[in-house]
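Hi,

Here is the structure I promised to pass on. Have a look at it first, and my notes follow underneath.

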Amino acid sequence: MATKKNDDVFAFAAFDPAKLTENFRDFAEKGATQSKEAYAKMKVAAEDAAKTVEATMESAQAGTVTLGLKAIEALRVNAESSLSHMEALLGVKSVSELIELQTSFLRKQAELAVEQAKTMQEATRKVAEDVSKPAKSAAEKTFASFQK
């Protein structure tokens, strides 16, 4: 009869503590390397985000100043026009002259309001483009890095 060899299930012959330590060290080193790489990437991303926010805020501030100056200019022109109209009204000699002067003033004011609205709209559009430009370029850069 052939004897069957029984392996001891509880034997630790296959267990090599040196290999376990080596494997654990490799695992820890890989984890540390990956953590350093992830930190470096996050640091660069945070710095880029800070630069983007700073550029956006600078553009917004400059745009606000531009819009404010345009609004002040429109107010100045409107005030001068109104004062000139009042001076002209003081010299009116007849009702027909008053109606003609008033009609002319209202027409000019309407045309001026349309022109000022177009100017403000164009300035606002340009400011919006300037403010969104840093974020747009940052987003494009981010998407490009994902495609690589």
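Leaving out residues up to four places away in sequence, Val131 touches Thr56, Ser59 and Ala60. Bear in mind that this is a predicted model. Ala60 sits 71 residues from Val131 in sequence, yet the two C-alpha atoms are 5.5 Å apart in space. Val131 itself belongs to helix H2.

So is Val131 buried or exposed? Neither, quite: its relative accessibility is 22%, so it counts as partly exposed, given that buried means under 20%.

Another residue I looked at is Gln116, also part of helix H2, which covers residues 95–147. Here the relative accessible area is 17%, and because the cut-off for buried is under 20%, Gln116 counts as buried. Which residues does Gln116 contact once its neighbours within four places in sequence are set aside? They are Ala74, Val77 and Asn78.

Now for the protein overall. There are 2 helices and 0 strands. Of its 148 residues, 9% count as buried, and Gln116 falls under that heading with its 17%. The accessible surface comes to about 12,600 Å², with 64% of that belonging to carbon and sulfur atoms.

One more number, on contacts: taking those between residues at least 6 apart in sequence, 72% join residues at least 24 apart. The Val131 and Ala60 pair, 71 residues apart in sequence, is one to pull up in your viewer.

Cheers

Conventions:
Residues numbered from 1 in each chain as written. Predicted model: local features only at pLDDT ≥ 70, side-chain atom pairs only at ≥ 80, totals over all residues. Heavy atoms only, no water. Helix = DSSP H or I, 4+ residues; strand = E, 2+ residues; numbered from the N terminus. Buried < 20%, exposed > 50% of the residue type's maximum accessible area, 1.4 Å probe, protein only. Contact = heavy atoms within 4.5 Å. Areas by Shrake-Rupley, 256 points an atom, 1.4 Å probe, with all protein chains shown as cover.
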